[in-house]
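Dear colleague,

I am passing on the structure we spoke about, so that you can look through it yourself. Please find it directly below, with my notes after it.

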Amino acid sequence: MISNTQRKRIMLYIAAFMIIMLYNYLNTFIPGSSHDIISFSYMGFVVVWYLSIKERVIDNSMRRCFLVGILSLILLFILRLARWNYFGMYERPNELLRYMNYIPLIFIPLVSLNASLMVGVYNRTKTRRLIMVLWIVGISLCVLVVTNTFHKFAFRIKDSSPDSFSYSYGPGYYIIVLFSLTSIISAFIILIHRCRLSASRRLAYIPILVLVFGIVLIAVYFVSGGAPKLFGSKLYNLQEIYIFLYIAFWESCIQIGLIPTNSDYGKVFEASDLDAYISDRKGKMVYSTKSYTPHDGSDDHRVTEQDIRGGKVVWQDDISSVKEIRASLTEVTKELADENELLELEHEMSSRREELESLRNLYDELYDSVNPEIRSLRKLLADIKQNGSEELPYIRQAAVLGAFIKRRSNLSILAHNSQEIDMKELEYSLRESMYYLSLANVKCSVMMGGRGSVPAETLIRMYEVFHVVSSELVSKKCNIMVNVSESADLTMKIMIDRLVGEEFIESLKNRFKEGLEVSFDRDEGITYIICR
């Protein structure tokens with residue numbers, strides 16, 4: 001869904017573009033008017049659009065591609081100004097400017113194809129090689145058209161005088177047209193193929209309509225032998241078509257979700273269940289979650305800060321239950337150490353012994369359930385201490401293990417008191433683990449489709465499955481999406497945008513074959529793990 005802010009932005013773009021086009025049309029009827037202001041208005045329009053792209057698009061490489069495209073559009077208008085207002089009356093400069101006009105017309109489809117190749121998960125080495133080949137071809141075509149004076153391969157000039165300039169097309173021209181059309185169509189096909197959101201694919205007709213409409217405008221332009229006219233005034237030029245085609249195509253791809261952006265992230269953060277807020281560089285609060293409550297000076301809450309771009313994020317953890325358990329253990333230890341006092345209070349302590357035994361069993365169960373993770377955490381901490389603080393991957397893995405140990409222990413405590421646990425506890429556990437996974441470049445999200453209590457053993461097993469899967473992928477850059485639903489029974493579906501090894505799949509099946517049904521599926525490079 002397109003938000004109100006995005007809808008307003010689109011309407012402003014359309015209104016600004018139409019105003020410039022209307023002024024361009026009416027300018028013909030104004031005596032002594034200048035077309036310079038129109039060209040500069042178009043250049044300002046594309047610059048404003050790029051500034052919005054710079055804030056919205058996440059990937060740096062893609063932003064650089066858009067920048068090259070915008071510079072190409074600006075060059076298109078600079079060449080138009082130079083040709084018609086300054087140097088067009090000279091024979092050689094006029095001919096050279098006509099040739100140079102094809103440089104941005106080659107670069108714009110080329111950078112569009114490059115941007116599409118960098119969407120989603122891709123092989124960086126192969127993609128860089130392909131992009132390098134495309135740039136070699138594009139630059140070669142630019143050199144071919146600029147040096148046409150010497151070889152006449154792209155254009156055959158019949159009359160080179162500025163007033164009666166005439167020419168015919170050569171094979172090189174049709175190669176350029178084929179390259180440009182193939183690039184923009186290939187860009188769209190690649191975008192659709194790499195998009196994993198079904199909603200975006202359903203809306204793919206929007207950029208298709210933009211692409212078809214732009215190609216129709218270009219066809220009308222060439223069929224008319226130049227800019228089509230209405231009442232003696234030009235409706236549009238080729239440069240305006242390229243602005244419309246480039247900006248409208250990519251903006252439509254962004255709006256339907258084909259291009260990842262950071263739009264409406266603030267609303268998502270505010271709707272989360274974290275006890276946190278985001279501030280700017282000056283410490284002023286910008287976003288806060290619905291669960292945030294200030295706990296300044298409270299010993300029952302631990303405050304953690306993390307620097308982010310433009311400010312920092314601060315979140316609070318309630319540690320009151322942990323402190324209560326520690327205080328209880330200290331009290332019991334003192335009582336055990338004082339044997340004489342235990343003998344005098346034997347009747348009173350009989351009930352306490354039962355409570356202590358229950359606690360011991362619980363702690364033994366807790367230790368056994370997370371013993372492998374504790375050993376792994378100790379090894380990681382030892383490696384970090386030995387190698388130094390620069391071992392960032394170790395620190396991230398340690399954070400993930402620490403989160404699992406904490407949440408797994410919490411679930412065991414809840415299961416100790418009741419055979420059923422609220423599904424919110426699974427959501428809390430998944431979100432906390434996902435947060436630390438996000439620090440290791442593993443992007444995660446969770447969707448909960450049910451509420452109420454479910455069997456504790458099943459819930460704990462599902463959280464363990466997620467932990468095993470995420471631990472396998474913690475050092476690999478990927479995306480993980482978890483969907484928990486409750487129809488006939490509780491089901492957790494894990495979607496990973498990469499293929500998981502066969503050995504890992506078999507080990508996961510063997511590990512959770514008792515008490516939990518685990519199945520797998522693969523489709524277009526995505527691994528699905530279903531637990532029920």
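What follows is an account of what was found, going from the whole chain to single residues.

Please keep in mind throughout that this is a predicted model. The chain holds 19 helices and 15 strands, and of its 532 residues 43% are buried. Of the contacts between residues at least 6 apart in sequence, 63% join residues that are at least 24 apart. The area that the chain exposes comes to about 29800 Å², with carbon and sulfur atoms supplying 58% of it.

As to the interior, the largest nonpolar core has 76 residues, and those with the most contacts inside it are Trp49, Phe66, Ile243, Tyr246 and Trp250. Two or more residues each are given to this core by helix 1 (4-27), helix 2 (36-56), helix 3, helix 5, helix 6, helix 8 (171-194), helix 10 (205-223) and helix 11 (238-255), and the largest share, 12 residues, comes from helix 11. If you would like a place to begin, you might centre the view on Trp49, which, leaving aside its neighbours within four places in sequence, is in contact with Tyr13, Arg56, Phe66, Ile70, Tyr246, Ile247, Trp250 and Glu251. Apart from this core lies another one, of 52 residues, which includes Leu430, Met434, Ile496 and Phe504.

Helix 4 (residues 91-100) also deserves a look, with Asn94, Glu95, Leu97, Arg98 and Tyr99 among its residues and buried. The buried residues of helix 4 pack against helix 3 (60-87), helix 5 (102-117), helix 6 (124-146) and helix 7 (148-151), and also against strand 1 (155-159) and strand 2 (166-169).

Turning to the strands, is strand 13 (residues 490-496) largely enclosed by the rest of the structure or left open, and what does that rest on? Six of its seven residues are buried, meaning that each has under 20% relative accessible area, and strand 13 is therefore largely enclosed by the rest of the structure. Strand 13 runs antiparallel to strand 12 (residues 478-486), to which seven bridges join it, and it also pairs in the antiparallel sense with strand 15 (residues 526-531), over five bridges. Met492 can be followed in both pairings, since Val484 stands opposite Met492 of strand 13, while the bridge partner of Met492 in strand 15 is Cys531.

On the surface, Val177, Leu181, Ile185, Ile189 and Ile215 form a nonpolar patch, whose accessible area together is about 370 Å². Helix 8 gives the most to this nonpolar patch, with four residues. Leu181, which is found in helix 8, has a relative accessibility of 38% and therefore counts as partly exposed.

A last residue to examine is Thr293, found in the loop between strand 6 (285-288) and strand 7 (301-308). Because its relative accessibility is 40%, Thr293 counts as partly exposed. Leaving aside its neighbours within four places in sequence, Thr293 is in contact with Asp275 and Gln316; the first of these, Asp275, is 18 residues away along the chain, and the C-alpha atoms of Thr293 and Asp275 are separated by 6.9 Å.

With best regards

Definitions and conventions
Residues are numbered from 1 along each chain as its sequence is written. This is a predicted model: local features need pLDDT of at least 70, side-chain atom pairs count only at pLDDT 80 or more; totals for chains, interfaces and linings use all residues. Side-chain values use heavy atoms; hydrogens and water are left out. Buried means under 20% relative accessible area, exposed over 50%, partly exposed in between (1.4 Å probe, protein chains only). Two strands pair if DSSP finds at least two bridges between them. Contact means heavy atoms within 4.5 Å. A nonpolar core is a set of buried Ala, Val, Leu, Ile, Met, Phe, Trp, Tyr and Cys residues joined through side-chain atoms within 4.5 Å. Patches are made of residues with over 30% relative accessible area and no salt bridge: like charges are joined within 9 Å, nonpolar side chains (Val, Leu, Ile, Met, Phe, Trp, Tyr) within 5 Å. Accessible areas come from the Shrake-Rupley method with a 1.4 Å probe; for residues, only the protein chains shown count as cover. A salt bridge is a side-chain nitrogen of Lys or Arg within 4 Å of a carboxyl oxygen of Asp or Glu.
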